[in-house]
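The following exercises concern the interior of a protein model. Please study the sequence and the structure before reading each solution.

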Amino acid sequence: MHKYEKLWLKVGISSLVIFLTILMITGLHNGHTPAASGRDYVNPDKVDQIEPFNKPGLHKVSGKDYDYELVILASAFNYQPGKVEIPKGSKVKIIATSKDTLHGFSLPGTNVNMMLEPGHISEYYKTFNEKREYLIICNEYCGIGHADMKSMIKVVDKK
């Protein structure tokens with residue numbers, strides 16, 4: 001091997017080692033973890049007995065910077081609840097998890113897209129300003145009934 005080839009090989013390997021070391025140190029130092037809330041994990045075997053997942057659906061809240069909490073529980077090719085009506089102009093905190101396997105939660109045409117892992121609580125804030133229907137679909141393959149896994153959010157005029 002020529003001396004210049006040996007030199008470039010040493011420079012390339014050294015650069016790679018330095019880059020990976022810096023990447024590992026910054027990743028560990030900054031504590032990269034999934035976004036957490038005060039209650040970011042629940043027991044997936046008993047999730048339907050634990051608040052707020054024991055009562056899935058839309059709940060009016062007060063004293064918060066949002067109007068409603070939409071609690072979604074995904075399992076075996078369905079979402080609970082199957083259909084929700086939200087008043088137009090409402091800011092909603094979507095709280096969701098899965099009780100059996102990896103599922104997706106997506107509202108096509110919006111930027112709402114969450115991965116629902118068993119027991120991990122996913123949260124998203126969305127203001128529904130447009131009167132329309134949103135189809136909730138699972139965008140993570142979850143088994144043979146995956147294609148039928150859907151729910152509906154209907155935005156209606158305020159009463």
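**Exercise 1: Contacts of Ile153**

Leaving aside neighbours within four places in sequence, determine which residues are in contact with Ile153.

Solution. In this predicted model, Ile153 is in contact with Leu70, Val84, Ile86, Leu107, Phe128, Arg132, Glu133, Tyr134 and Ile136.

**Exercise 2: The nonpolar cores**

Identify the residues with the most contacts inside the largest nonpolar core, and the elements that give two or more residues to this core.

Solution. Step 1. The largest nonpolar core has 23 residues, and those with the most contacts inside it are Leu70, Tyr79, Ile94, Phe105, Leu107, Phe128 and Ile153.
Step 2. Two or more residues come from each of S2, strand S4 (83-87), strand S5 (90-98), strand S7 (113-116), strand S9 (133-137) and strand S10 (150-156).
Step 3. The most is given by S2, with four residues.
Step 4. Another core, of seven residues, lies apart from this one; Val47, Phe53, Val71 and Ile95 are among its members.

**Exercise 3: Ile136**

Decide whether Ile136 is buried or exposed, and list its contacts beyond four places in sequence.

Solution. Step 1. Ile136 belongs to strand S9.
Step 2. Its relative accessibility is 1%; because buried means under 20%, Ile136 counts as buried.
Step 3. Ile136 is in contact with Tyr79, Phe105, Ser106, Leu107, Met149, Lys150, Ser151, Met152 and Ile153.

**Exercise 4: Ser75**

Decide whether Ser75 is buried or exposed.

Solution. Step 1. Ser75 is found in strand S2 (residues 68-75).
Step 2. Ser75 counts as buried because its relative accessibility is 7%.
Step 3. Not counting residues up to four places away in sequence, Ser75 touches Gln80, Lys99, Asp100, His103 and Met149.

Methods: Residues are numbered from 1 along each chain as its sequence is written. This is a predicted model: local features need pLDDT of at least 70, side-chain atom pairs count only at pLDDT 80 or more; totals for chains, interfaces and linings use all residues. Side-chain values use heavy atoms; hydrogens and water are left out. Buried means under 20% relative accessible area, exposed over 50%, partly exposed in between (1.4 Å probe, protein chains only). Contact means heavy atoms within 4.5 Å. A nonpolar core is a set of buried Ala, Val, Leu, Ile, Met, Phe, Trp, Tyr and Cys residues joined through side-chain atoms within 4.5 Å.
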